Amino acid sequence: MANRAYNFNAGPAALPLEVLQKAQQEFVEFDNSGMSLMEMSHRGAIYEKVHYEAEKLLKELLGVPDGYKVLFVQGGASTQFAMIPMNLLRPGTKAAYVATGSWATKAIQEAKLFGETVVAASSEANAYKHIPAIGELNVPADAAYVHLTSNETIEGTQWSEYPDTGSIPLIGDLSSDILCRPINVSQFGMIYAGAQKNLGPSGVTIVIIREDLIAKPSLTVPTMLRYDTHAKADSLYNTPPTFAIYMAGEVLKWVKANGGAAGMEARNREKADLLYGTIDDSQGYYRGFAERGSRSLMNVTFRLATEELEKLFVKESEAQGFVGLKGHRSVGGLRASIYNAVPVESVRALEDFMRDFQQRNG
Ligand SMILES: *Cc1c(COP(=O)(O)O)cnc(C)c1O
C-alpha cells in the first residue's frame, strides 16, 4: 500500500483511501467502455448514470426535501459569493451577512459589488474567535436573504445551530463542513459548498437551492451565472466537471457505507475531542484560538507561546510525517483540519506528537 502521510491539509484535503483505490481501478477503463470516464461524452448513458447517482446520494445523505434542486457548478465557493447577490439581491432589498471571519468577509465584499449589504451580527471585535449568538442577529425586514458561513475554515469556528430567519431565506456556506453532521436542509433557502474539503477533489461546487428562489430569474445575469440555467438542465447545460463529480459520488458512497451524516458526526466528534482534549490538558501550553462554545469539528486552530515554537512544531511534525499543520497565512498559528476522511489514527498520532512535543519543549 502507498505510504500515506498524516494529512491535515485544509483544502484540497484528505480523501478516503478506499475511494482513491477504487478510482485507480476504474481509471484507465471505466465500466467496460474501452476508455476512461474523462474521455467520454457527458451526454452518454455511462456518464449520466454517474451524474444522477451522485445527485441522488447527496439528496439522500443530506435529507434534501422536495422543492429543492441540487446543482453541480464550477468556479468554487468563491464564485457563489458573486452568484448569490447577482441572482437574489433585487432592487429595494438588502443582503444581510453574519460576519464570522475570513470567508464571511470575502462573501460580504463580493455582495457589495451588487447592492446594499448589512452586517446582521459580527464577531470582528473579538478577532472572530466566536460565532455570534443567534439572538444577536439583527436582520432588516427588507433583507433578500441572510448569509452565514457554517464553518470558518481559517479561524476554526462553527455554528452549532442555525438561526430561524422566518420568511427571509437563510443561505449557508457549508464548504468546509457539509456532511460533517446531520443538518435540517429545510431551514435553508440555499446551501453551497466547494467539494475539496469534505466531498471530493476541487473542480465542482454543490448548490442546493429552494425552487421558489430560482423561479423568477434576473434576465440580465449571464446565462452561466444563473441558477435556473443549471437547474433546468440538471447541471448538464454545458460540460460539467465529470471526473470531479464522479469522485464526489464515490466519496458519498463511502459516507453512506460509514453511517451517513450521523456516522460522520460520531467520527468527527471523536477526533475533535482528542485534539481539543490535548489542548485543554496542556495547562496553557497549547492555546485554542476559538472560544469553547464555537469550536469547529473540522478545523482545530491553536497557538503556542511564541512564533519560534510554532515554527519548530511545524518543522518537527513534518519530519515525522505530518502534513498541513501550519495555520493560514492570514492568522498564523497552527491548524489541524480533520475533515470526514481524516482517519482517527492520524489524529491519535498527532495527539501523541503534541504531548511529546510539549514534554520536550515545555
Ligand atoms: C475553502 C472555502 C471557500 C472557498 O472555496 P473555493 O472553492 O476555493 O472558492 C469558501 N468558503 C469556505 C467556508 C471555505 O472553507
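At which residue does UniProt place the feature "binding site" (unreviewed entry) that is shown in the opening view? The residue is Arg-43, according to that record. All views show a predicted model.

**View A. Arg-43 and its surroundings.** The unreviewed UniProt entry gives Arg-43 the feature "binding site". Arg-43 sits in the loop that links helix H1 (17-25) to helix H2 (45-62). Its relative accessible area is 47%, so Arg-43 is classed as partly exposed. Beyond neighbours within four places in sequence, Arg-43 has contacts with Glu-48, Leu-236, Tyr-237 and Asn-238.

**View B. Further positions listed under "binding site".** The unreviewed UniProt entry lists Ala-77, Ser-78, Trp-103, Thr-153, Asp-173, Gln-196, Asn-238 and Thr-239 under this feature. These positions span 163 residues of sequence and are also spread in space, with C-alpha atoms up to 30.8 Å apart. Trp-103, Thr-153 and Gln-196 are among the residues that line the second largest pocket.

**View C. Ser-78 and Asp-173, two of the listed positions.** Both residues appear in the UniProt list for "binding site" (unreviewed entry). Ser-78 belongs to helix H3 (residues 76-88), while Asp-173 belongs to strand E8 (residues 170-173). Is Asp-173 buried or exposed? Asp-173 counts as buried because its relative accessibility is 4%, under the 20% cut-off. Ser-78 is partly exposed, since its relative accessible area is 43%. Leaving out neighbours within four places in sequence, Asp-173 is in contact with Phe-81, His-147, Leu-148, Thr-149, Ser-150, Asn-151 and Tyr-192.

**View D. Strand E2 and its pairing with E10.** Strand E2 covers residues 68-73, and 5 of its 6 residues are buried. Strand E10 (residues 205-210) pairs with E2 in the antiparallel sense, over 6 bridges. Within this pair, Val-73 is placed opposite Thr-205 of E10. In a regular strand, side chains alternate between the two faces of the sheet.

**View E. The open sheet E11-E12-E14 with helix H7.** Three strands form this open sheet in the order E11-E12-E14, and their pairing is antiparallel. Strand E11 (287-288) and strand E14 (334-337) are the edge strands, each paired on one side only. Between strand E12 (residues 299-303) and E14 there are 4 bridges in the antiparallel sense. Phe-302 is found opposite Leu-334 of E14. Helix H7 (residues 260-280) lies across E11, E12 and E14, and runs at about 15° to E12.

**View F. Asn-340 in the loop after E14.** Where does Asn-340 lie? Asn-340 is in the loop between E14 and helix H9 (344-361). Because its relative accessible area is 1%, under the 20% cut-off, Asn-340 is classed as buried. A polar atom of the Asn-340 side chain lies 3.0 Å from the backbone oxygen of Leu-179. The side chains of Asn-340 and Asn-268 make a polar contact at 2.8 Å. Both partners, Leu-179 and Asn-268, also appear among the residues that Asn-340 touches, not counting those up to four places away in sequence. That set further includes Ile-178, Cys-180, Asn-198, Trp-254, Met-264, Arg-267, Lys-271 and Met-298.

Notes: Residues are numbered from 1 along each chain as its sequence is written. This is a predicted model: local features need pLDDT of at least 70, side-chain atom pairs count only at pLDDT 80 or more; totals for chains, interfaces and linings use all residues. Side-chain values use heavy atoms; hydrogens and water are left out. UniProt positions are given in the numbering used here, feature names are shortened, and annotations may be inferred rather than shown by experiment. On a 1 Å grid over the protein atoms alone, a cavity is a set of points where a 1.4 Å probe fits but cannot get out, and a pocket is an open set with protein on both sides within 12 Å along at least five of seven lines; lining residues have an atom within 4 Å of a point. Helices (H or I, at least four residues) and strands (E, at least two) are DSSP runs, numbered from the N terminus. Buried means under 20% relative accessible area, exposed over 50%, partly exposed in between (1.4 Å probe, protein chains only). Contact means heavy atoms within 4.5 Å. Two strands pair if DSSP finds at least two bridges between them. Axes are lines fitted to C-alpha atoms, for helices over the stretch in contact, and angles run from 0 to 180 degrees between N-to-C directions. A polar contact is a pair of N or O atoms within 3.5 Å; within protein, one must be able to donate a hydrogen and the other to accept it, and residues adjacent in sequence count only if both atoms are side-chain atoms.
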